[in-house]
Each structure stands twice: as structure tokens, then as C-alpha cells.
Amino acid sequence: MAKARGSRDQAVNLLKEHLTCRLGSDCKALIDAEVEGRLQGRSKLEREDLDAIERAVTLARRQRRGKEAKGLSRHALVTISVLLTSLCAVASDACAQAKNETCPSRTAGTFMLQARHARSKLHSAGLMTMWADSPTTIVGGSCEYANAANGGLSSPAASSPYISSQSYCAVDSALYSSGAACGSCWRVAYDGSPATDPGLPGSLVVQVVDSGSAKAFDCHLTAFKAITGASTGVFPITYEPVECDVEGTLPVATVLDGGNAWYTKVVFSNFVAAVTEVELLLGTSVFAMTRVSGATWSASTAGNSDAASFSVTLSTGVIISFHCFDSWPVPTGSSCTVASGPSTSKTTASTTSTTSTTSTTSTTSTTSTTSTPSTTALTSTSPPQTSLPPVKEWRPVDGGEGRACRGRWSGDNSASYYTVTRAQSLEACKTACESREDCVGVEFSGSRCEIWTRSEGIQSSTALPNFWCLRFASPPRAGCFEPVDGGLSRACRGASPADNSAAYYRVLGGIRSLGQCQEECQQVADCKGVEYDGRGRCEIWTRPMGIQAGIVLSGFSCWRFVGQMES
């Protein structure tokens with residue numbers, strides 16, 4: 001209760017502070033009265049009100065501190081615009097009346113109500129036109145996914161399912177936001193309202209690949225038809241930001257300007273959201289990349305020739321780190337993918353706060369365009385059904401409260417992992433799970449209950465207000481953890497300090513402590529130990545011969561699991 005009250009007070013204070021900043025200090029007393037009036041009118045604030053306010057105001061404060069708006073997602077900007085415009089309109093009116101000493105009591109308590117209404121209207125309205133019907137329309141687009149010099153539609157950067165299905169659009173300059181919208185996805189809908197041409201109601205999730213539209217959206221004919229049922233015309237639409245469905249594809253980094261140890265330009269594609277920040281890691285050096293234009297980023301690399309990795313931050317806040325090349329520089333056109341989600345292989349940075357771990361050796365000087373894929377099958381980490389203990393127990397995933405369940409990583413949320421039912425409470429949702437032999441956990445929010453049946457279980461989660469994520473599994477394996485070479489300031493290795501194959505482990509993100517990392521290991525039948533970096537990255541080692549060596553590395557710890565049968 002104290003924690004919830006603290007969160008509420010923080011959100012309320014943020015709201016007051018921002019409204020005072022926007023409307024002037026002479027309105028402070030009225031702002032306080034308005035907000036407190038709302039608080040007194042209800043026993044508690046709606047959680048969604050507070051979350052919307054806190055997100056919007058926090059982002060607005062970041063902007064006031066001088067951070068570039070282009071670093072914010074379009075969804076964040078829309079949220080700020082809609083929410084604060086609504087709040088400030090009410091406040092401005094009330095403030096003007098107060099200054100004239102005619103402020104009626106009916107205005108008290110309107111702030112939170114307006115915020116709730118505004119949040120329910122995040123759908124923005126605009127117009128849409130048809131871009132072209134050519135399958136090569138995207139070539140030359142400002143986001144540069146189909147960069148002509150890099151192969152056009154055959155470029156690895158153009159492998160998005162939205163591009164292959166021609167579900168893509170150009171947007172106007174406001175939405176494009178100097179390239180910050182590149183790769184973002186939007187649900188665009190037409191409701192049958194009058195337009196310049198006859199049409200039919202429809203909707204489609206599209207991806208932004210270009211700028212220069214005179215209207216909000218200018219879409220390829222295939223997408224245009226799916227939304228409007230027409231082939232041409234100007235149609236009124238609504239649109240809202242959504243996460244991209246990139247299941248079946250992998251995030252890609254494609255080098256557009258290579259062969260130079262002093263400078264590079266890279267385009268990033270196939271993520272669930274737009275890219276807001278990128279770091280290039282070369283050996284122990286970290287280079288912050290800057291957006292050139294569209295989805296391309298550049299860095300001056302100071303002649304460095306070490307192994308190369310990238311740490312990519314998305315507009316959702318997720319950080320995806322992946323090893324790319326064993327040596328640098330690489331030729332133009334070289335590319336690499338995340339082998340199995342974020343942080344699937346180790347990089348060589350020990351001086352950065354990214355989510356990836358380390359290796360101090362460069363294994364080869366090849367310019368291979370892909371990182372070595374992991375061959376570890378996740379299904380092999382669970383014991384056969386017949387060997388499972390008959391008793392299962394409930395345990396929270398990453399704390400449980402305020403978490404939504406995910407698969408291998410925080411963006412892995414395939415609908416095939418669960419079935420949805422209705423439950424009046426979390427306990428009722430858990431009971432529904434317990435009645436099924438294949439249930440591995442639940443996600444619960446409101447009355448929505450997800451019964452998770454994914455064979456590999458719930459391996460990750462993402463922060464989401466008003467959600468619960470619980471794992472239903474057999475008790476942890478009995479045993480203990482012993483430090484490898486002292487444990488602290490050590491990174492795990494295989495047969496020797498240079499033996500660090502990505503096939504030896506799988507990576508979990510968002511792990512809040514070494515203890516939680518070790519608990520995750522105890523849930524995996526063939527876990528031999530863990531490496532934890534202190535920043536949320538946990539490696540579950542499943543190498544048959546176990547962890548036999550380690551290297552000195554500040555900030556990391558390596559622990560070997562010794563089960564009861566092994567002691």
C-alpha cells in the first residue's frame with residue numbers, strides 16, 4: 001500500500017509541476033485545487049490515469065532538459081500532445097476564470113477525468129492517399145531500408161514482412177520526425193466516412209518506410225486497398241502506434257558505408273519498434289552512433305579494428321545487444337542478425353552499461369556477414385513430461401506485479417503461447433490454469449486471463465501496469481551454487497578462458513539480481529551454472545561439460561550449480 005501511495009503521489013506531483021510550468025506560477029494554487037479536488041472525489045486514482053500522466057510528464061520533462069524530441073517515439077509524442085493538450089485546455093480555462101475571480105466550483109476535479117478521456121482518444125485523425133502500385137516503390141525511400149546501392153529490395157535491410165507484403169507507407173514531416181518514425185508501425189483505419197472516392201471500411205497495420213507525404217499517410221496500393229477498398233482518392237483515417245509483428249524475422253544491422261576503420265554508416269531494421277539510440281562496441285571502446293537520416297546511423301570509429309557489436313535501444317525502452325563481426329571494418333553490404341532475440345552472443349565491451357557481456361579475445365579476422373547461430377534448442381532445457389514432479393507451485397516472474405508474460409525475451413509475445421479466457425480475479429485465473437496439465441503460468445489483468453502453455457515456459461516479461469505474470473512449475477531443483485574462481489569479477493567460460501561459444505548458454509534479460517538469475521537456473525533441467533552482469537543480463541549455462549573456466553571481468557560473476565545428486 002505504501003508503495004502504491006508513493007507512486008500515486010509522485011505522479012500527482014509530476015502533473016502539478018508540469019501544469020504549473022505550462023500555465024505559469026500564478027495558476028499554481030488553482031492547479032493544486034483542481035488536482036486535489038479530484039483526489040478527494042475518489043478513494044483512489046485509476047492506475048491507468050497515473051501511468052498515462054507519469055509517462056507523459058516524465059517524457060515532457062526530458063524534453064525540457066534539452067533532450068532531442070527525435071529521440072522519443074511517436075507514440076510518446078502523441079501521448080504527451082493529446083494528454084497535456086486536454087489537461088491544459090481545462091486548466092487554462094479554469095485559470096482564466098480564477099484570475100477574473102469567477103472560477104465556478106464545477107471545474108474542481110476535472111484534471112484526472114480529462115486525462116482519462118484523452119487517453120481513450122489516442123487515435124489521431126488525418127488523411128490518407130495512395131502512393132504507387134509499383135513493387136519497387138520503396139527503393140530510394142528516405143528510411144533507406146531498400147537502399148539502391150545495397151541491392152534495393154534484395155538488401156537484408158528490406159526483409160521486413162511489412163515490406164514483402166507491401167504493407168508500408170510514407171508519412172508527413174510531423175509524423176516522420178526527422179527519421180525517428182522509420183520502422184515504426186501504425187494501425188490505420190477507415191470507418192466508411194465520406195471521401196473523394198467510394199470505399200469500404202477497413203484497417204491494416206503498416207510500417208513507416210519513407211517521408212514526404214502531403215497527407216498523414218501515403219500508402220502503397222496494396223495497403224491502401226486493404227484499408228479503404230479503393231484504388232485512389234483521399235480518405236479520412238484514424239491511426240494509432242502499435243508494436244510491429246516481426247515474428248519469423250530477425251533484427252538486422254546492415255553496413256551501408258564500410259571498409260573504413262574511421263567511419264561507418266549502418267541501417268537497422270526488423271525491430272518491434274523504431275530505433276531511438278545505438279551504440280557501436282569495438283573491443284573495449286564504445287562509440288555512440290548518431291542518426292544520419294531515416295533509419296541510418298553513423299559513427300567515427302577512430303581506426304579501431306576489434307570485434308564489433310551493437311546495442312540498440314527501441315522506442316519501447318527495450319535494449320537489444322548483439323555481436324556482429326569478429327573484426328572491423330567490414331565491407332559495404334555486410335550484415336548480421338540477432339541469432340535468437342536480444343543479447344544472444346557475447347560482445348567485447350567492459351566499459352559500457354549495455355546489456356551485453358564480454359569476451360576479451362577476437363576469434364578470427366573474417367568478415368563474415370552473420371554471427372554464428374546458436375544451435376541450442378530451448379525445448380531441450382525442460383525435462384520430459386514423464387519426469388516432472390507431480391507437484392507444481394506458483395512463483396512470480398520478475399516480481400509478478402506490474403509484469404506481462406513473454407516468451408524467450410521481452411518482445412516475444414506470440415498468440416500461440418497462450419489461450420485467453422475470462423476470470424473475475426487472479427485466483428480464479430490461477431485455478432483455471434491448474435485444471436490444465438499443459439499450463440505453465442498465467443498473465444492476468446482486469447478480467448483477462450491468459451493461460452500460458454508454451455512448451456519452454458514463461459522465460460521473460462515486460463513492465464506493464466495493472467498486469468500480473470506468474471509461473472506455474474515444479475519446485476526448483478535442490479542444490480547449491482559455488483563460485484567459479486572466486487565468483488566475483490569473473491565471466492564464465494567453457495573448457496578454457498578462450499572457449500565462449502554462444503551455444504553454451506541462453507540469455508535472459510530484465511533479471512533484477514544474482515539470486516533471481518540463480519533461481520532461473522534451478523528451473524532448467526540441464527543448467528550447469530550462471531553468469532550475471534549486475535545490470536539485468538543472466539546467462540543460463542547448459543554446456544554438457546559445465547563451466548570449466550573463467551576470465552577476470554569487473555562487474556560480472558560466475559557461479560557453478562551443484563545439484564544434490566552431484567554432491
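Modeller: Let's start with a definition: a residue is buried when its relative accessible area is under 20%, exposed when it is over 50%, and partly exposed in between (1.4 Å probe, protein chains only). The model is predicted, and local features need pLDDT of at least 70, side-chain atom pairs count only at pLDDT 80 or more, and totals for chains, interfaces and linings use all residues. Residues are numbered from 1 along each chain as its sequence is written, and side-chain values use heavy atoms, with hydrogens and water left out.

Colleague: Thanks! Why is C527 called buried?

Modeller: C527 has a relative accessible area of 3%, which is under 20%, so C527 is buried. C521, with 0% relative accessibility, counts as buried by that rule too.

Colleague: What makes C521 and C527 a disulfide?

Modeller: A disulfide is a pair of cysteine sulfur atoms within 2.5 Å. The sulfur atoms of C521 and C527 are 2.0 Å apart, so the pair qualifies. By this rule the count comes to 10 disulfides.

Colleague: Why is the disulfide of C521 and C527 called left-handed?

Modeller: The torsion about its S-S bond is about -110 degrees, so the disulfide of C521 and C527 is left-handed. The disulfide of C429 and C449, also with sulfur atoms 2.0 Å apart, has a torsion of about 80 degrees, so that one is right-handed.

Colleague: What makes the pair of C429 and C449 a tie between parts of the chain?

Modeller: Helices (H or I, at least four residues) and strands (E, at least two) are DSSP runs, numbered from the N terminus. C429 sits in helix 9 (residues 426-434) and C449 in strand 18 (residues 448-452), so the pair ties together parts that are 20 residues apart in sequence. C429 is at 0% relative accessibility, so it counts as buried, and C449 is buried with a relative accessible area of 0%.

Colleague: How do you know that C324 and C336 form a disulfide?

Modeller: Their S to S distance is 1.7 Å, which is within 2.5 Å, so the rule is met. C324 lies in strand 13 (residues 319-325) and C336 in strand 14 (residues 335-337), 12 residues apart. Both cysteines are buried.

Colleague: Is C480 buried, exposed or in between, and why?

Modeller: C480 is at 46% relative accessibility, between 20% and 50%, so it counts as partly exposed. M545, at 59%, is over 50%, so it counts as exposed. M545 is in the loop between strand 23 (538-541) and strand 24 (549-563).

Colleague: Now the barrel. How do you know that strand 1 and strand 6 pair?

Modeller: Two strands pair if DSSP finds at least two bridges between them. Strand 1 (residues 124-130) and strand 6 (residues 235-242) are joined by five bridges, so they pair, and they run antiparallel. One partnership is M128 with F235 in strand 6. The closed barrel has six strands in the order 1-5-2-4-3-6, with mixed pairing.

Colleague: What makes strand 10 and strand 11 a pair?

Modeller: Three bridges join strand 10 to strand 11 (residues 296-300), so the minimum of two is met. T290 has S298 in strand 11 as its bridge partner. These strands form a hairpin with two residues between them, and G294 in the turn has a positive phi of about 55 degrees. Strand 10 (residues 285-293) also pairs with strand 9 (residues 275-282), antiparallel, over five bridges. In that hairpin, G283 takes a positive phi near 60 degrees.

Colleague: Which residues have the most contacts inside the largest nonpolar core, and what makes it a core?

Modeller: A nonpolar core is a set of buried Ala, Val, Leu, Ile, Met, Phe, Trp, Tyr and Cys residues joined through side-chain atoms within 4.5 Å. The largest has 34 residues, and M128, Y145, V188, F217 and Y239 have the most contacts inside it. Domain 2 (124-242) and domain 3 (252-337) each give this core at least three residues, with the bounds coming from an automatic or database domain assignment. Apart from it lies another core of 33 residues, including A253, F271, V278 and V312.

Colleague: Which residues does V188 touch?

Modeller: Contact means heavy atoms within 4.5 Å. Leaving out residues up to four places away in sequence, V188 touches several residues, among them M128, L204, F217, I227 and Y239.
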